[in-house]
Amino acid sequence: MASLKRWVVVGVTACSVLALAYLPPRGATASGRSFFMAQSRQGTRARQRAQALADQWRGADAALRLLRARREVQELLREAKAGTSLVVVSESADVTTAAPPIADSAIHIAWRQLGLGETKVRVAVIIQLAIVSPVHDRPTIEAGIAAYLAPDSTDRTTCIAVLPSGNYWTRFFRGERRDGAPFAFEALVQTLKSGLGPCAFYAAYGTPGKSVRAWLVARGWDLALTLDAGARGPYGNSLIEMTDRRYPWFWEAVYSVPPTAVACLASRPTGCRAAVLAGASDDPSIPFPDLMRIDRRWGRVPRVVEGQRFLGDVARAVGRDRFLNFWTTALPVDTALAAALKRPVGEWTADWQSGFVHPIRLGPAPPLGGVAIALAIAALAVALVGVTASRRQVR
Amino acid sequence: MKVVIVLLAIAALARPAIAQQRWERQVQERVQRAIDAVATSSRLPVVKRSGMLNTDEAASFSTTLVQGTSYAIVAVCDDDCSRLQLTLLSPSGSDLAKERNSESLPILHFHAETTTVYGIRVVMEGCHWNPCWYGIAVVPLRKIPS
């Protein structure tokens, strides 16, 4: 009887220690909302409906603006001298004017920095200036959302980009903000360089083959937003790259991206392959007119971390000729990309991804303290059994 | 003063519809060289067409060929084009002659038996940097008396 009591006490003690080790000490429940991620509070249903309508309006407005620009651009190109591949104008309140000299200068520097000279596909940029006095009869223009019209929807050799400049740059163009001008000018060059988006790829490599183009259209061109993002910076462009993985917001940022992107962050080739090749189809279809509306705002959830520079980095890694073979291919995207990389797509992408984020560990990962306590309990249990067995007497 | 006005008018008229790109000029020069090389002796006009195509795209146009005349149909394309296919079509749309082995300079020779409208189709089979410019010239060589 005494022996049974002792075993009961040992069992209860072991369970208590296990509970102390593995249950949250403060009994905290997982909160539904994020602690650090940039998220706005969920609006009322009426507000959500209004925002959805406003977004639809912006989409329709951007489409209309691009189709109208198609006509105006022909006039500009007629006036341009031979060999001109980049034309820039500005627009405010539906009135097109010459681009501000500083913007014109900045975008031509960006063009040269991208290594573009005379190109087969020309680019017409319309810098949309913010309206000074607020209008209340229509939604405001979102500065981070640019719209593009592919060459096949114009004269086949002109890509049109409409870039909303937002309040800051509009005031800068008007000379109202010139504090830190050299820094601001460099920032403007970078902004316009990335603003060229898909049009920069069209200019550099021409119109992609049907399979590649349909793949990019299906993905919203998310892998080809920046032709030349430059060297990898120390901090990166996303919260995942900026934060320390010891803190919970790192993991919140990780689990906000799609599962295939999480797998890619863990350097799993199958996940990387699935993340990159999503949208590739054996039966490609391309809409007409081919309008692209691209959200570049901070906080958007990427399909692949740093995906905006993926094809730019592929082009730099494989060289122009091999990249052009991929770009104009008639083969399926996965085959053509693997041929250009001379490696399986998943493996190459996993290596590329690990250059931005040190691979995370997925799967069971017990904390060090928990492991120590569990081992101690196991050792205690073994010792108790050993001691009990040594004292056992058969009568 | 009149001279200045005339010069200004000529300059305004001479301005191209849209500034030509390097590749377009390249193709037009090649078409002209091809016409010069073929050395026509006919008084019939040379028909020229040019345009641009992405890989695997095709373009067609119609032209009247005169009975009893031999023609050379020449197609050229820009430096980024690797293969161009040229086909002569009958009025009903069937293939009369096809040239796809000469890579970027296909040439067809044809003797028109009747005066009628023929079709000419060009297919951009290989273009390394889309779109590729092409040019076609239908050059009458000589009229053979029947």
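The following exchange concerns a predicted model of a complex with chains A and B.

Biologist: What ipTM does the predictor give the complex?

Modeller: Two scores are reported for the complex as a whole. The pTM is 0.79. The ipTM is 0.78.

Biologist: What is the mean pLDDT of chain B, and over which residues does pLDDT stay under 50?

Modeller: In chain B, 84% of the residues reach a pLDDT of 70 or more, and the mean is 82. Where pLDDT is low, the predicted coordinates should not be read in detail. In chain B that caution concerns a stretch for which the model has 1 contact beyond four places in sequence, with pLDDT under 50 throughout: residues 1–17.

Biologist: Which stretches of chain A have a pLDDT that stays under 50, and how many contacts beyond four places in sequence does the model have for each?

Modeller: Chain A averages a pLDDT of 83, and 88% of its residues score at least 70. One stretch under 50 is residues 34–38, for which the model has 12 contacts beyond four places in sequence. Another is residues 24–32, for which the count of such contacts is 0.

Biologist: Into which domains is chain A divided, and what distance separates the centres of domain 1 and domain 3?

Modeller: Chain A is divided into domain 1 (42–207), domain 2 (209–282 + 299–363) and domain 3 (367–395). Taken over C-alpha atoms, the centres of domain 1 and domain 3 of chain A are separated by 71 Å.

Biologist: How many helices and strands does chain A have, and how many does chain B have?

Modeller: Chain A comes to 16 helices and 6 strands, and 33% of its 395 residues count as buried. In chain B, 30% of the 146 residues count as buried. Along its sequence chain B follows the pattern α-α-β-β-β-β-β-β-β-β, that is, 2 helices and 8 strands.

Biologist: Is strand β3 of chain A covered on one face or on both?

Modeller: Strand β3(A) spans residues 122–129, and 8 of its 8 residues are buried. In a regular strand the side chains alternate between the two faces of the sheet. On one side lie Arg122(A), Ala124(A), Ile126(A) and Gln128(A), and on the other Val123(A), Val125(A), Ile127(A) and Leu129(A); with all of these buried, the cover extends to both faces.

Biologist: With which strands does β3(A) pair, and in what sense?

Modeller: Strand β1 (residues 86–92) of chain A pairs with β3(A) over 6 bridges, and Leu86(A) stands opposite Val123(A). Strand β5 (residues 158–165) of chain A is joined to β3(A) by 7 bridges, with Ile127(A) opposite Leu163(A). The partners are thus β1(A) and β5(A), and the sense is parallel.

Biologist: Which residues touch the most other members of the largest nonpolar core?

Modeller: This core has 117 residues. It draws at least three residues from each of domain 1 and domain 2 of chain A. One of the residues asked for, Cys159(A), is in contact with residues beyond four places in sequence that include Val121(A), Val123(A), Tyr148(A), Cys199(A) and Tyr202(A). The full list is Tyr148(A), Cys159(A), Ile160(A), Ala161(A), Val162(A) and Tyr134(B).

Biologist: How many residues does each chain bring to the contact?

Modeller: On the side of chain A that touches chain B, the residues divide into 6 nonpolar, 7 polar and 5 charged. The contact takes 18 residues from chain A and 16 residues from chain B.

Biologist: Why does Gly319(A) count as exposed?

Modeller: Gly319(A) lies in the loop between α12 (310–318) and α13 (320–327) of chain A, where it takes a positive phi of about 90°. A residue counts as exposed with 12 or fewer C-beta neighbours within 10 Å. Gly319(A) is therefore exposed, since its number of such neighbours is 10.

Biologist: Against which helices do the buried residues of α12(A) pack?

Modeller: The buried residues of α12(A) are Phe310(A), Leu311(A), Gly312(A), Val314(A) and Ala315(A). They pack against three elements of chain A: α11 (269–277), α13 and α14 (333–341).

Biologist: Is Ala112(B) exposed or partly exposed, and what distance separates its C-alpha atom from that of Gln67(B)?

Modeller: Ala112(B) is placed in the loop between β6 (107–111) and β7 (116–127) of chain B. Because it has 17 C-beta neighbours inside 10 Å, Ala112(B) counts as partly exposed. Among the residues it touches beyond four places in sequence are Leu65(B), Gln67(B) and Tyr71(B). Gln67(B) is 45 residues away along the chain, and the C-alpha separation is 5.1 Å.

Methods:
Residues are numbered from 1 along each chain as its sequence is written. Chains are lettered from A and ligands numbered from 1 in the order in which they are written. This is a predicted model: local features need pLDDT of at least 70, side-chain atom pairs count only at pLDDT 80 or more; totals for chains, interfaces and linings use all residues. Two residues are in contact if their C-beta atoms, placed from the backbone, lie within 7 Å. Ala, Val, Leu, Ile, Met, Phe, Trp, Tyr, Cys and Pro count as nonpolar, Asp, Glu, Lys and Arg as charged, and the others, Gly among them, as polar. A nonpolar core is a set of buried Ala, Val, Leu, Ile, Met, Phe, Trp, Tyr and Cys residues joined through C-beta atoms within 7 Å. A residue is buried if 20 or more other C-beta atoms lie within 10 Å of its own, exposed if 12 or fewer, and partly exposed in between; C-beta atoms are placed from the backbone. Domain bounds come from an automatic or database domain assignment. Helices (H or I, at least four residues) and strands (E, at least two) are DSSP runs, numbered from the N terminus. pLDDT is the predictor's confidence in each residue, from 0 to 100. Two strands pair if DSSP finds at least two bridges between them.
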